[in-house]
Amino acid sequence: MRILFVCTGNTCRSPMAEKLLRKMAMEQGVDIEVKSAGVFASPGSIASVNARGVLEGRGITEEHRSQPVSSTLMDWADLIITMTEAHKQSLFQEYPDCAEKVYTLKEYTDTSEGTTKRLEELDELYDRLEEKQEAFMRENREEIHQLEERYQELYSQLELVREQLDDWRERIMQATVVERNQISILEQQTPDYDISDPFGGTLETYESCAAEIESSLARLLELVKKS
């Protein structure tokens, strides 16, 4: 399996994840290839001082040079692991064809039944919400369109037309109130899958970040073994 780790500048989190997983895989005899990149990385930068300190403390002295995310790397990877939800969404927008293999590290390694069920239910609710909104607009498009035209033509009656349009918007909200409430509840219950950027922090901050990454990498490696 080929795994690509992605963070912002490819000098802190993703290189730590890359080199830690490579070491863990070698120790456990798991055959994988690992690379890392950054969504806003400049080519050729070395890892940050504290990232290197964390890795050296674990016996890893391998040199690192940053690289930006590219279509070549995205196509190369079987699995793309980001450090935050924002990184994941950025890749979704830039490389939509690769969306099915992009996850945050904590998301991919969280196999608890409750979380998986909530995420699946959340996806279903988003789909249902979109379907209801589209169906409502299709069913009432002509009348809404007429109201919008009248709004432009009869500017003097702006307040009356505005009230009618607001009524339609309110009816859309009422038609989807159940889904919106359920989405709000599930989003509050969904775990935070981001790994905070330690850039500019102390060695202790980097150690904490590395420990968080290592915890998820151990679960990731178990999933890789089963794949």
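**Figure 1. Three domains along one chain.** The domain assignment splits this chain, shown here as a predicted model, into domain 1 (2-109), domain 2 (114-190) and domain 3 (196-226). Taking C-alpha atoms only, the centres of domain 2 and domain 3 sit 41 Å from each other.

**Figure 2. A look around C7.** UniProt, in an unreviewed entry, puts C7 and R13 under "active site". C7 belongs to strand β1, which covers residues 2-7. Is C7 buried or exposed? With a relative accessible area of 2%, C7 is buried. So who does C7 touch, once residues up to four places away in sequence are set aside? The list is R13, S14, P15, A37, G38, V39, M83 and H87.

**Figure 3. R13, the other residue that UniProt lists with C7 for "active site".** R13 sits in helix α1, and its relative accessibility is 3%, which is under the 20% cut-off, so R13 counts as buried too. Skipping residues up to four places away in sequence, R13 touches C7, T8, M83, T84 and H87, and also I195, S196, D197, P198, C209 and I213. Among these partners, S196, D197, P198, C209 and I213 carry numbers that fall in the range of domain 3 (196-226). One polar detail to zoom in on: the R13 side chain gets to the backbone oxygen of I195 at 2.6 Å.

**Figure 4. L20, further along helix α1.** Like R13, L20 is part of α1. L20 has 2% relative accessibility and counts as buried. Apart from neighbours within four places in sequence, its contacts are L55, R58, I60, A210, I213, E214 and L217. I213 turns up here and also in the contact list of R13. For a sense of how the chain comes back on itself, pick out L20 and A218: they are 198 residues apart along the chain, yet their C-alpha atoms are separated by 9.9 Å.

**Figure 5. The buried face of helix α2.** Helix α2 runs over residues 49-56, and N50, A51, V54 and L55 are its buried residues. Why do they line one face of the helix? Looking down the α2 axis, the buried residues fall within an arc of 140°, so one face is what they line. The general rule behind this is that an α-helix has 3.6 residues a turn, so residues three or four places apart point the same way. What does this set pack against? The buried residues of α2 pack against α1 (13-28) and α9 (203-226). L55, one of those buried residues, is also among the contacts of L20.

Definitions and conventions:
Residues are numbered from 1 along each chain as its sequence is written. This is a predicted model: local features need pLDDT of at least 70, side-chain atom pairs count only at pLDDT 80 or more; totals for chains, interfaces and linings use all residues. Side-chain values use heavy atoms; hydrogens and water are left out. Buried means under 20% relative accessible area, exposed over 50%, partly exposed in between (1.4 Å probe, protein chains only). Helices (H or I, at least four residues) and strands (E, at least two) are DSSP runs, numbered from the N terminus. The arc is that of the directions from the helix axis to the C-beta atoms. Contact means heavy atoms within 4.5 Å. UniProt positions are given in the numbering used here, feature names are shortened, and annotations may be inferred rather than shown by experiment. A polar contact is a pair of N or O atoms within 3.5 Å; within protein, one must be able to donate a hydrogen and the other to accept it, and residues adjacent in sequence count only if both atoms are side-chain atoms. Domain bounds come from an automatic or database domain assignment.
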